[in-house]
Amino acid sequence: MARLTDLETFVAIVESGSLTEAARRLGRSLQSVSRSLNAVEADVGAKLIHRTTRQLTPSEAGTGFYNRIKLAVAEINEATQDVSNSRSEPSGVLRIGAPVLFGPDYLVPIIRDYQALYPRVEVDLQLADTFVDLPISGLDLVVRIAHLPDSSLQSRQLGALRLVVFGAPSYFARHGRPQHPKELSGHNCLVRSVDAQPGKWAFMIDGRPKTIAVNGSFRANTTKAVYAAVTAGMGLACSPLWQIRDLVADGALELILEDYEVKPVPIHALWQENRMAPAKIRKFIDLLSAKLKLRGL
């Protein structure tokens with residue numbers, strides 16, 4: 001049976017299309033990469049790579065062999081890394097990105113617990129409501145509250161968050177409660193001016209997602225300002241429930257139109273495409289997932 005190193009080399013050759021590039025990728029000499037390829041071909045008794053002066057291409061047997069072993073090789077490497085990570089204490093700087101409101105209330109207490117477990121890790125928390133480009137941001141991971149587009153990033157869903165419509169008791173006392181999303185046209189709806197679609201609220205109506213246009217006499221560029229206006233009885237707003245959970249629990253705000261809520265919005269941790277993430281990232285994500293589940297996310 002071919003050694004794991006030789007099989008890794010064969011996978012790298014197929015994916016790079018070049019002995020030279022495979023050697024660079026693996027940090028080995030060209031001669032050792034060539035020897036590994038010869039060893040694999042001798043072991044399976046078939047020509048796996050067609051060599052020309054310009055390129056290398058897998059044979060039919062080579063393509064089939066590659067498709068069968070690439071995931072197994074990756075799984076073995078990941079299992080090895082898991083054991084190594086479990087034996088080494090995380091250290092260094094962990095750079096985390098998260099939404100502005102989510103960070104202080106949810107992440108900071110978890111970071112406190114994380115650093116109590118792993119005191120050799122320093123945490124750099126960067127808060128922003130805009131989507132950062134993780135590969136060029138310098139961040140190790142980001143927490144993102146949204147449906148994710150297709151991406152090469154690795155992700156782990158941490159929970160799902162309700163999107164709700166709400167208002168203050170004083171507003172409802174003066175203007176009544178809308179019983180259907182279509183009645184929002186007769187109400188003062190407050191929005192964030194920096195949202196992707198300000199004035200567009202999503203609902204499930206007759207089993208289908210539908211967007212309702214809303215408008216009102218006040219808008220602001222920060223979430224905190226909108227919530228202050230709603231709490232003061234100036235109008236209605238729409239946001240994730242986690243942002244106003246305490247105000248609802250205190251009776252300062254009340255939820256409406258709950259039968260028309262869209263499916264909860266997922267919350268994910270995202271990190272670079274390298275499957276073998278450092279221990280400091282993996283252990284933080286594990287703790288983050290466990291703590292958020294305890295909080296009902």
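How many bridges join β9 to strand β10? The views below, all taken from a predicted model, begin with this pair of strands.

**View 1. The hairpin of strands β9 and β10.** Strand β9 covers residues 200–205, and 6 bridges join β9 to strand β10, which spans residues 208–213. The two strands run antiparallel. One of the pairings links Lys200 to its bridge partner in β10, Ala213. Together β9 and β10 form a hairpin, with 2 residues between the strands. Strands of a sheet pair through backbone hydrogen bonds, in either a parallel or an antiparallel manner.

**View 2. The two faces of strand β9.** In a regular strand the side chains alternate between the two faces of the sheet. Strand β9 shows such alternation. Trp201, Phe203 and Ile205 point to one face and are buried. Lys200, Ala202 and Met204 point to the other face and are not buried.

**View 3. Two residues with a positive phi, Asp206 and Leu257****.** Asp206 lies in the loop between β9 and β10, in the turn of the hairpin. Its phi is positive, about 55 degrees, although Asp206 is not a glycine. The relative accessibility of Asp206 is 75%, and therefore this residue counts as exposed. Leu257, which is not a glycine either, also has a positive phi of about 55 degrees. Leu257 is found in the loop between β13 and β14, the latter being residues 265–271. Is Leu257 buried or exposed? Its relative accessibility is 8%, so Leu257 counts as buried.

**View 4. An open sheet of 3 strands****.** The strands follow the order β12-β7-β13 and pair in an antiparallel manner. β12 (237–240) and β13 (254–256) stand at the edges; each has a single partner strand, so one side of each is left without a neighbour in the sheet. From one strand to the next, the twist averages 50 degrees. Strand β7, residues 163–167, is joined to β12 by 4 bridges. Within this pairing, Leu163 has Pro240 of β12 as its bridge partner.

**View 5. The crossing of helices α1 and α2.** Two packed helices are described by the angle between their axes and the distance between the axes. The axes of helix α1 (residues 4–16) and helix α2 (residues 19–26) come within 8 Å and cross at roughly 125 degrees. The two helices are therefore oblique to each other. Their crossing is right-handed. Helix α1 contributes Thr9, Ala12, Ile13, Glu15 and Ser16 to the contact, while helix α2 contributes Leu19, Glu21, Ala22, Arg25 and Leu26. Among the residues of this contact, 5 are nonpolar, 2 polar and 3 charged.

**View 6. The surroundings of Thr9 in helix α1****.** Thr9 has a relative accessibility of 0% and therefore counts as buried. Leaving aside residues up to four places away in sequence, Thr9 touches Leu26, Arg28, Val33 and Ser36.

**View 7. The packing of helices α2 and α3.** Helix α3 comprises residues 30–44. The axes of α2 and α3 are 9 Å apart, and the helices pack at an angle of about 105 degrees. They are therefore roughly perpendicular to each other. On the side of α2, the contact is made by Leu19, Thr20, Ala22 and Ala23; on the side of α3, by Leu30, Val33 and Leu37. This contact of α2 with α3 comprises 6 nonpolar residues, 1 polar residue and no charged residue.

Key
Residues numbered from 1 in each chain as written. Predicted model: local features only at pLDDT ≥ 70, side-chain atom pairs only at ≥ 80, totals over all residues. Heavy atoms only, no water. Axes fitted to C-alpha atoms, helices over the stretch in contact; angles between N-to-C directions. Parallel < 35°, antiparallel > 145°, perpendicular 65-115°, else oblique. Left-handed = near helix turned anticlockwise from the far one by under 90°. Contact = heavy atoms within 4.5 Å. Nonpolar A, V, L, I, M, F, W, Y, C, P; charged D, E, K, R; others polar. Pairing = 2+ DSSP bridges. Buried < 20%, exposed > 50% of the residue type's maximum accessible area, 1.4 Å probe, protein only.
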